2 protein chains.
Amino acid sequence: MGTQDVSGKNGQKTAIREENERAILEAAEEVFAEYGFSGATTSRIARRAGIPKANLHYYFATKEALYRRVIDNIFTVWLEAASSLNESDHPRQALAAYIQAKMDLSRSRPLGSKVWANEIIQGAPVIQDYLENTLREWTASREAMIRRWVDEGKIAPVNPRYLLYMIWATTQHYADFGHQIATLNDGRALTDAQWEEAKKNVTEIILRGIGISA
Amino acid sequence: MGTQDVSGKNGQKTAIREENERAILEAAEEVFAEYGFSGATTSRIARRAGIPKANLHYYFATKEALYRRVIDNIFTVWLEAASSLNESDHPRQALAAYIQAKMDLSRSRPLGSKVWANEIIQGAPVIQDYLENTLREWTASREAMIRRWVDEGKIAPVNPRYLLYMIWATTQHYADFGHQIATLNDGRALTDAQWEEAKKNVTEIILRGIGISA
DNA sequence: AAAAATCTTGACCAATCGGTCAAGATATAA
DNA sequence: TTATATCTTGACCGATTGGTCAAGATTTTT
């Protein structure tokens, strides 16, 4: 993830730079999530961050450089959640933990999910290398793990790939389509209780769906 | 869906208008799917339709008017697929048919799904009234139907709403995230056989997940 | 206190945006 | 054939785009 060095002589960012970059990245995630890369404008991001546009371009030379930093952050968070799907547990615990982690991520960081969705819809012009390397390797290793579960008779015979897609699709839907879900919920976002119920339903249907009785 | 009347004295569009509007709408769906409403430009749409921009604006006065026509068409197709989830069948047949219809739609009209996804991510500035009326009523009636199945013990006790979301999310994922799926498939779109396998897996996991043994 | 590094910002740039217009080309109706 | 309606398009409009720049303000280092 090549980011140019902007640190001073002592090799660290100033407090001012730290704070301003943080504010810009926060505003940028909002705007990129809502409008996509092409639809987002640097002036809109600057306005939302509360600084002049020229100041934004002092910290991030181009819109694309800013976008890459946003994407990098999102991918890091995605990988953290991904690590919860690990070998050590039994299928039920492992998958339940992963679904929970992904659902929690959709609630705590819906903007990241939306930026990701926009990027994929556009054909992943920026993160194609992540898809072809990090994501591909992660997916292959998890597919192998799930296939082992199938071979050992621990879960029903499903194609691991399509199970993973179902988990991704369902959990991310609660972030990407949050507005539609809220509209169908009398215009209000899901309450904590509703969210828990959604998590429970999603987990139960998927686990039962692969032959693990809840 | 208020569209202004542009028909001649005898009350019908000319063949020229028919053909040109069709070409423009086709190009517009592509561009809106890829770039969203804000990111799409009328000149890009015109270029893809093979006509000068001024000619596009002769047929569609504004970008928003064109966008509304595209959205209208997509919603019509969506409703057709939705009608396959009907009362007459048993839960297994009804849900299997609906999942199949939605999967087929993701394959035959992926662009429409992407435009829809973009619109929702942006907060549905254009189709909010569809969500609040047509979609809300459709969803309520189907929720009631599924709840009856639960009460009659035909399927496991799930909240119908979250079951519907899972079906929408999973099936539409194959359109909206088609690029990611292709990348994880060695860069090639799913073959017919793979698509059938995906459909089979999705249907089986969901049906088994709500207690209907395949 | 002086020097150096860092940060701020209004003014500006060429390119592109959505959209208009008028003049001419083409098709249809009388 | 003539008249009318429809269609086509280059040129153009003010506004906004991503990005630059220079001059000054502020902070940090010496």
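## Interface between chains A and B

About 5000 Å² is buried between chain B and chain A, and carbon and sulfur atoms give 62% of that area. On the chain B side, Ile121(B), Tyr162(B) and Leu184(B) lose the most area to chain A, together accounting for 16% of what that side buries. These values come from a predicted model, in which 57 residues of chain B are in contact with 57 residues of chain A.

The count of salt bridges between the two chains is 0, whereas 22 residue pairs are in polar contact, both residues being at pLDDT 80 or more. The side of chain B that touches chain A draws two or more residues from each of helix 1, helix 6 (110–121), helix 7 (128–151), helix 8 (160–176), helix 9 (178–183) and helix 10 (192–209) of chain B, and helix 8 gives the most, with 12 residues. By class, that side divides into 27 nonpolar, 20 polar and 10 charged residues.

## Surface near DNA strand D

Around DNA strand D there are 20 residues, of which Lys53(A), Lys63(A), Thr14(B), Ala54(B) and Tyr59(B) come nearest. Of the atoms of DNA strand D that come within 4 Å of the protein, 57% belong to sugar and phosphate. The surface near the strand comprises 7 nonpolar, 10 polar and 3 charged residues.

## Phosphate contacts and contributing helices

A backbone N or O atom of Lys63(A) lies 2.6 Å from a phosphate oxygen of DNA strand D, while side-chain atoms serve in chain B: an N or O atom of Tyr59(B) is 2.7 Å from a phosphate oxygen, and a polar atom of Asn20(B) lies 2.9 Å from one. Two or more residues of this surface come from each of helix 2 (42–49) and helix 3 (53–59) of chain A, and helix 1 (15–39) and helix 3 (53–59) of chain B. Helix 3 of chain B supplies the largest share, 4 residues.

Technical notes:
Residues are numbered from 1 along each chain as its sequence is written. Chains are lettered from A and ligands numbered from 1 in the order in which they are written. This is a predicted model: local features need pLDDT of at least 70, side-chain atom pairs count only at pLDDT 80 or more; totals for chains, interfaces and linings use all residues. Side-chain values use heavy atoms; hydrogens and water are left out. A residue is near a molecule or strand if one of its heavy atoms lies within 4 Å of it. A polar contact is a pair of N or O atoms within 3.5 Å; within protein, one must be able to donate a hydrogen and the other to accept it, and residues adjacent in sequence count only if both atoms are side-chain atoms. Ala, Val, Leu, Ile, Met, Phe, Trp, Tyr, Cys and Pro count as nonpolar, Asp, Glu, Lys and Arg as charged, and the others, Gly among them, as polar. Contact means heavy atoms within 4.5 Å. Buried area is the accessible area (1.4 Å probe) that two parts lose on being put together, summed over both. A salt bridge is a side-chain nitrogen of Lys or Arg within 4 Å of a carboxyl oxygen of Asp or Glu.
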